[in-house]
Amino acid sequence: MVQPELNGGTIFDIQGFSVHDGPGCRTLIFLKGCSIRCAWCSNPEGLHLYREPLYNRQKCIFDDLCVKACSSNAITHHEESLLFDRKKCSNCTTFECIDACCTGALKKGGYHVTLDELFATIQRDRQYWGSIGGVTLTGGEPFLQPEFCEGILKRCYSSYIHTVVETCGNVPWKNIERSLDFLDWIFYDLKQADPVKHRLMTLAGNELILENARKLSEVFKGRLVFRLPLIPGFNDDAASVKELSDFIISTGRKEINILPAHHFGREKYNLVGKTYYTDDFRTPEKEDLQRVQGLFESRGIRCYSGSETPF
């Protein structure tokens, strides 16, 4: 598998003018790679660390130019679609298939970027942030690329740029610890306190996540806001909220942001050759958010609903 460059990393998107992922107007940098598999994930193109082809079948005219161009024989024409051997694709560095495609049916999912290149983009955006904006690293899971994450955060922090990371916390503590001196703010996901239920919907336990949350609460000097993606039937019941509340109180922190889960990323799964995990959960209504907000606040925890986090 191709690894990120030593002086850079692998990202899959940069978005400017964000106002929901930290104070002010911000530049969001999406890093590839994630350590869990949430059933509601809206960024499937960010799950793997490696670059990969994104295939839009609707734009394909089946001329097989990409099939012939692929030196790894990773693409086959099957009926009215193309099939990709994603294991072979994970080792690709040239992407001849994308260069050969003349319809836009194939695009590259992810690209390597050096620290210098990325910081130049950040400096370009800086004039649009206002007085309290900055940079937010998201993904994927930023701390899966710890050297790259630390490198860009250090450059930003040294240049008086406000820094935020959004993390699921399911990484070795050392990956997080090395960046803490260069962070102003962390959004930290807590999805479910029960380890069995957590594994059911994320394919990973929550033991490391909770352990890292405790350590962060003790040593991080910046602002730590827990986040809960609210999924009806999974973590919106009174018992689940009470268990999460007990954990948050035990950390000494008392802030959580609840976000309504959605199905906006469903159509992107076909691009990476995956089947969307589930349509079983519904998008929470305003009343659901208000009910859960009330449960947290009754335990003395400040709870912000949706994008209402006071920055």
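How much accessible surface does the protein chain have, and what share of that surface belongs to carbon and sulfur atoms? In this predicted model, the accessible surface of the protein chain amounts to about 14400 Å², and carbon and sulfur atoms contribute 51% of that area.

The protein chain contains 10 helices and 13 strands. Its radius of gyration is 20 Å, close to the 19 Å given by the globule rule for 311 residues, so the chain is as compact as a globular protein of that length. Along the principal axes, the C-alpha atoms of the protein chain occupy a box of roughly 60 × 45 × 35 Å.

Burial and contacts were also computed for the protein chain. Buried residues make up 54% of the 311 residues. Among the contacts with a separation of 6 or more, 71% are between residues 24 or more positions apart. As for charge, the protein chain carries 37 positive and 40 negative charges, and the mean positions of these two groups lie 2 Å apart.

One residue, Asp280, was examined individually. Asp280 is located in the loop that connects strand S12 (255–260) with helix H10 (286–297). The relative accessible area of Asp280 is 77%; a residue counts as exposed when this value is over 50%, and Asp280 is therefore exposed. Asp280 and Val164 are 116 residues apart along the chain, and a distance of 32 Å separates their C-alpha atoms.

Key: Residues are numbered from 1 along each chain as its sequence is written. This is a predicted model: local features need pLDDT of at least 70, side-chain atom pairs count only at pLDDT 80 or more; totals for chains, interfaces and linings use all residues. Side-chain values use heavy atoms; hydrogens and water are left out. Helices (H or I, at least four residues) and strands (E, at least two) are DSSP runs, numbered from the N terminus. The radius of gyration is taken over C-alpha atoms; the globule rule is 2.2 Å times the number of residues to the power 0.38. Buried means under 20% relative accessible area, exposed over 50%, partly exposed in between (1.4 Å probe, protein chains only). Contact means heavy atoms within 4.5 Å. Accessible areas come from the Shrake-Rupley method with a 1.4 Å probe; for residues, only the protein chains shown count as cover. Lys and Arg count as positive and Asp and Glu as negative; His and the chain ends are not counted. The place of a charge is taken as NZ of Lys, CZ of Arg, CG of Asp or CD of Glu.
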